[in-house]
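Me: I'd like to learn how to read a helix that packs against the rest of a protein. Can we go through one together?

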Amino acid sequence: MTPEELQAARDRVVPDVVAGGLRVLFCGINPGLLSAATGHHFARPGNRFWSVLHLSGFTPRRLAPAEQQELLAYRLGITNVVARATARADELTAQELVEGGRILTDKVERLRPQWLAVVGVTAYRTAFNERKALIGPQERTIGRTRIWALPNPSGLNAHWTAETMAAEFARLRAAAESPAPDDGTQR
């Protein structure tokens, strides 16, 4: 892919991989230029999303970005807080993230996944005005959908290795495999 082709992908939207009845809807911050150019989420080779998804047990093998539709067979999906593609997430404004959080809330209310997993705690904090949020399950819910903030799988995130990320993703997987309480209350 040439630099010109990548730049031509700026502001494009990568279609969601979603369906009703998802166990987990993974939510990236926004698509990168390579993802926008290819139409595949987490397409940059240095991004660890697909490896971590496999290492954590969500998928039986490492899927390639071009195989993203296979996630639906595992009742997993992908969306983004902000739809437009940029070279770096720090090109997004706080206003875009807040508006993205509102749009994401509407999407979650419509799709009703068991869990919304936001990959990027900083983006989660801004989008949902949860300034003190930490990695892990959140108190906030959207209807009956629970929320989990995960580390950003970007290769630029040096604070987390693939192994430590996979352990956190596995905690989410275990929670998603546990039966949801059916006490009739809204969470």
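Me: Which residues of α6 are buried?

Reply: Buried means under 20% relative accessible area, exposed over 50%, partly exposed in between (1.4 Å probe, protein chains only). In α6, that applies to A162, M165, A166, E168, F169, L172 and A176. Helices (H or I, at least four residues) and strands (E, at least two) are DSSP runs, numbered from the N terminus. Bear in mind that this is a predicted model, where local features need pLDDT of at least 70, side-chain atom pairs count only at pLDDT 80 or more, and totals for chains, interfaces and linings use all residues. Residues are numbered from 1 along each chain as its sequence is written, and side-chain values use heavy atoms, leaving out hydrogens and water.

Me: Why do the buried ones sit on the same side of α6?

Reply: An α-helix has 3.6 residues a turn, so residues three or four places apart point the same way. Here the buried residues cover an arc of only 165° around the axis (taken from the directions from the helix axis to the C-beta atoms), which puts them on the same side of α6.

Me: And what covers them?

Reply: Contact means heavy atoms within 4.5 Å. The cover includes β1 (24-28), α3 (49-55), β3 (115-119), β4 (136-142) and β5 (145-150). L172, for one, touches V24, F26, F58, W115, A117, W148 and L150, leaving aside residues up to four places away in sequence.

Me: How do β4 and β5 pair?

Reply: Two strands pair if DSSP finds at least two bridges between them. β4 and β5 run antiparallel over 4 bridges, with I142 opposite T145.
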